[in-house]
Amino acid sequence: MGQEIFQVDAFTNKPFAGNPAGVCVLPQPRDDGWMQNVAQEMNLSETAFLLRQDDGSYNLRWFTPATEVPLCGHATLASAHVLWKQGYLQPEETARFHTLSGLLTAKQAGEWIELDFPMQVPAESEIPTKLIQALGTKPKYVGETHRNYLVELDSEEIVSNLQPDFSLLKTLPVQGVIVTSKGTNSEYDFVSRYFAPNVGIDEDPVTGSAHCCLAPYWRDRLGKDNFLAYQASARGGVIKVSCQGDRVLLEGQAVLVLRGELLDG
């Protein structure tokens, strides 16, 4: 029998929306090249690989079709969903993941899954000329974490209608670009999109990890700790976001849409 693999739509409560992630629960360690090949074959924003430890926790790694990444929200949500739905964990158990970003946890919260992630506070930076050219609009603000630019634009409509130049974005010295605005004509506190052509993802449908810096950014501007956020990609996704000290709690829903077998597994 080959390696079982799942595909889960994360940050949505219906199939074919949100952000799809591949999930492999490994019976034994696999080498990096094999995991990268599987991620390339799946051709999703991320594919997650989990390996159970003696204490019941899991080692968790995430690969895009092009490279391994240090943090991924939607594939962590998808991984936790698979562990509960497939009986690896009992519903009341907390999922514990050892990752390149430290210990991450997930627990069930009614029909939602709550992720506990590290906060990433952006530092204001100069506005690169190439960034303006790539986005085709002048930002209100540009901040930087160690992997991304965070860009505030004037309105929800500008964020939703943005058509960036991905070839220019690829020349920037960052993993990706988060664009955001205050929610102006919707129920959401803020909206965002995420572009990461440098790691093989022109636009990520819903990016949990981006909200690790969006949360403190909007906390400081809106004067509150709890938000309902929307990622305005073509597929779209809803995230509940809370700031708690130096951590960010992300809540989302997930739907299992595919179960298969890797024949070389």
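What percentage of the 265 residues of the chain count as buried? The points below take up that question and then turn to the cores and to two loop residues.

1. In this predicted model, 57% of the 265 residues of the chain count as buried. The chain exposes about 11,400 Å² of surface, and carbon and sulfur atoms supply 45% of that area.

2. As for the overall fold, the chain is built with 6 helices and 18 strands. Its radius of gyration is 18 Å, close to the 18 Å that the globule rule gives for 265 residues, so the chain is as compact as a globular protein of that length. Taken along the principal axes, the box that the C-alpha atoms fill is roughly 55 × 35 × 30 Å.

3. Turning to contacts along the sequence, if one considers those in the chain between residues at least 6 apart, 63% of them join residues that are at least 24 apart.

4. The largest nonpolar core has 55 residues, of which Leu50, Trp62, Leu83, Ala95, Phe97, Ala106 and Val241 touch the most other members. Helix α2, which spans residues 73-85, gives the most to this core, contributing 7 residues. Another core, of 16 residues, lies apart from the largest one, and includes Ala134, Val142, Val159 and Phe195.

5. Alanine 95, one of the residues that touch the most other members of the largest core, merits a separate look. Leaving aside residues up to four places away in sequence, alanine 95 touches Ala80, Leu83, Trp84, Leu89, Leu104, Thr105 and Ala106.

6. With regard to charge, the chain carries 21 positive and 33 negative charges, and the mean positions of these two sets are 2 Å apart.

7. Two backbone angles deserve a reviewer's attention. Most residues other than glycine have a negative phi. Phenylalanine 16, however, has a phi near 70°, a positive value in a residue other than glycine. This phenylalanine is found in the loop between β1 (3-10) and β2 (19-26). Phenylalanine 16 is exposed, because its relative accessible area of 68% is over the 50% cut-off.

8. The second case is asparagine 43, whose phi is near 60° and thus again positive in a residue other than glycine. Asparagine 43 lies in the loop that runs between α1 (32-42) and β3 (46-52). Is this asparagine buried or exposed? At 57% relative accessibility, asparagine 43 counts as exposed.

Conventions: Residues numbered from 1 in each chain as written. Predicted model: local features only at pLDDT ≥ 70, side-chain atom pairs only at ≥ 80, totals over all residues. Heavy atoms only, no water. Core = buried A, V, L, I, M, F, W, Y, C linked by side-chain atoms within 4.5 Å. Buried < 20%, exposed > 50% of the residue type's maximum accessible area, 1.4 Å probe, protein only. Helix = DSSP H or I, 4+ residues; strand = E, 2+ residues; numbered from the N terminus. Contact = heavy atoms within 4.5 Å. Rg over C-alpha atoms; globule rule 2.2 N^0.38 Å. Areas by Shrake-Rupley, 256 points an atom, 1.4 Å probe, with all protein chains shown as cover. Lys, Arg positive; Asp, Glu negative; His and termini not counted. Charge placed at Lys NZ, Arg CZ, Asp CG, Glu CD.
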